[in-house]
Amino acid sequence: FNSIAALRLRSGTTIANAAKTLGYYSAGDGGGNSFYWDGTSTATDNGGTVIKPTAVSGAGRWLAVNKFEFNVKQFGARGDGVNNDYTAITNCLAAGGAGSTVIFPYTGAAYLISQGLKFYAGQKLIGGGGVDIITTATQIKLTAISTSVLESIAPASVNYGSEIKGLYLNGQGFCDAVLNLYNCNRSNVEDVACSTAKAGSCGILFDSNVSLFCYANQVKNPRIYATGVGSVGMRFTRGANINQIWGGSVVSSTRGMEFLSLSSGNLVVGTDFETNVTDHIYVDAPNNIFIGTHMENCPIGFNITALGVNTQRMNTSYSTSTVINVQDASTLGTVLDTRFESGGTYGDLRFGGSKCKTTLNSVITSEDHDLTPATGSSNVVFRWFLNTVTTGTRKHLFYKGDGTSTVTALIDAATGEYQCSDLIQENGQGNGVYRKTIRRSVAPTTGTWTQGDICNFTSPVSGGYIGAVCTVSGTPGTWKNYGLIT
């Protein structure tokens, strides 16, 4: 038969008990399937795997031979960017049910839906290379029936082992969450793009009713675009524990990722954050780890708040205009590990290429920096570290490159000055001029220095001097010894 419509005109018999369609609407449109005749079946016609002939009033159905792997075109989805494919795709997902595989063939246009789609436990949704599933403002709108483009069919129970791969989910201005992994455990999301323009929405939501958890899911190479005001690329909230994000990018959201109370132990590796409006990553939950991420063009890279204890950021690079903001990290284990910045001199220890702020005591590690660098280079430059409180001294502990020795810096909250022999300080003096304190064996003969910069000698002796001071700015400027030791 050339189409499902043609199949409906024919009933089967014990002799003619098999049929094949060459397409859904017409031969060659990708919706073909194989059927067998069951004269006892009264199953409901679902437009794909169960076909009731027009002339049959009681029992008798054409049933699909394959019950575990389908493509949505076999249920009438067109993927033409014009027709509403919601019913066809929903029927396909339901017909397969738990553990089935549903394929979205590539069409060159989008599958338009009018409501959110729901997947089943262990179900695999596979896109044939850049497949679009979209809700469109001009033609078909996401209704109030669902708040997500794609979510679990049974939110009151746990959903194990689902797989979503190769789809582009576009909620435009209608959904609260593009992909909602509510009560999903050990699911795999790979090469999926999520886009939403609704205010306050998010690309991927990790959520649960707490007792069942959103647990041990893996998201690989995601692409997240959440452009609405107050939007979030990925939100980890109630019971979202030990989920893993590998690679991908989060761009143009108000906030790239946020880890809220009752989420912990999540891992983010190698993800790119760009042009998010307020924060790249907001952490208000414990024990989350970030490794090898890249951040640029955002006021605050990491915004770690009161509950963000034991947050670890390792080997993460920053570009322009990015700040690490540790609002309240009094518990040991708040780790900010840095790397050399592009254009920085050897030994520079920078936080965000700009500044690092803190209100309470914190622990900063530098596993890839040695606070006593190689011969011929200066000690680590400690730049623009600010306390946002106005009184008291804050203690910051630095681990040396050997992983065992430590350096402690006591920083005065009011003046920004600190007590530490192993770090170089740049103190802002107004109008963008900085006064540097360094430790060298002799006064500098290279580099650019400012009047008032001080060089404390590393090996002062009786009859010598404590150090030297720059009296005329320049390269290297004019240096005069001071502090005769008698």
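Tutor: Helices and strands here are DSSP runs, of at least four residues for a helix and at least two for a strand, numbered from the N terminus. The model is predicted. With these elements assigned, Ala98 is found in the loop between H2 and strand S6 (101-104).

Student: Is Ala98 buried or exposed, and what makes it so?

Tutor: Its relative accessibility is 58%. The cut-off for exposed is over 50%, so Ala98 counts as exposed.

Student: Which residues are in contact with Ala98, leaving aside its neighbours within four places in sequence?

Tutor: Ala98 is in contact with Tyr120 and Ala121, contact being heavy atoms within 4.5 Å. The C-alpha atoms of Ala98 and Tyr120 are separated by 5.0 Å, although the two residues are 22 places apart along the chain.

Student: What comes just before that, at the end of H2?

Tutor: Gly97 sits just after H2 and takes a positive phi of about 65 degrees. Helix H2 itself spans residues 86-96, and its buried residues are Tyr86, Ala88, Ile89, Cys92, Leu93 and Gly96.

Student: Which residues have the most contacts inside the largest nonpolar core?

Tutor: They are Phe104, Leu169, Leu179, Phe206 and Met257, in a core of 52 residues. The largest share of this core, five residues, comes from H2. A second, separate core has ten residues, including Ile4, Ala19, Phe35 and Ile51.

Student: Why is the pair Asp45 and Arg8 called a salt bridge?

Tutor: A salt bridge needs a side-chain nitrogen of Lys or Arg within 4 Å of a carboxyl oxygen of Asp or Glu. The N to O distance for Asp45 and Arg8 is 2.4 Å, so the pair meets the criterion. Asp45 is in the loop between strand S2 (33-38) and strand S3 (50-51), and Arg8 is in helix H1 (residues 4-8), 37 residues apart.

Student: How do you know whether Asp45 and Arg8 are buried, exposed or in between?

Tutor: Buried means under 20% and exposed over 50%. Asp45 has 28% relative accessibility and Arg8 has 22%, so both are partly exposed.

Student: Does the label for Arg235 come out as buried or exposed, and what makes it so?

Tutor: Arg235 has a relative accessible area of 19%. That is under the 20% cut-off, so Arg235 is buried. Its salt bridge partner Glu258 has the closest N and O atoms 2.4 Å away. Glu258 has 6% relative accessibility and therefore counts as buried.

Student: What links Arg235, Arg255, Glu258 and Asp279?

Tutor: They are linked in a network of salt bridges. Besides the pair Glu258 and Arg235, Asp279 forms a salt bridge with Arg255 at 2.9 Å. Asp279 has 4% relative accessibility, so it counts as buried.

Student: How many salt bridges does a search of the whole structure find?

Tutor: The search finds seven.

Student: Why is Thr49 called buried?

Tutor: Thr49 has a relative accessible area of 9%, and buried means under 20%, so the label follows. Thr49 lies in the loop between S2 and S3. Residues it touches include Phe35, Trp62 and Phe75.

Student: What makes the pairing of the side chains of Thr49 and Asn46 a polar contact?

Tutor: The distance is 2.8 Å, and the cut-off for such a pair of N or O atoms is within 3.5 Å. The value is inside the cut-off, so the distance condition is met.

Terms used:
Residues numbered from 1 in each chain as written. Predicted model: local features only at pLDDT ≥ 70, side-chain atom pairs only at ≥ 80, totals over all residues. Heavy atoms only, no water. Buried < 20%, exposed > 50% of the residue type's maximum accessible area, 1.4 Å probe, protein only. Core = buried A, V, L, I, M, F, W, Y, C linked by side-chain atoms within 4.5 Å. Polar contact = N/O pair within 3.5 Å; in protein donor to acceptor, adjacent residues only side chain to side chain.
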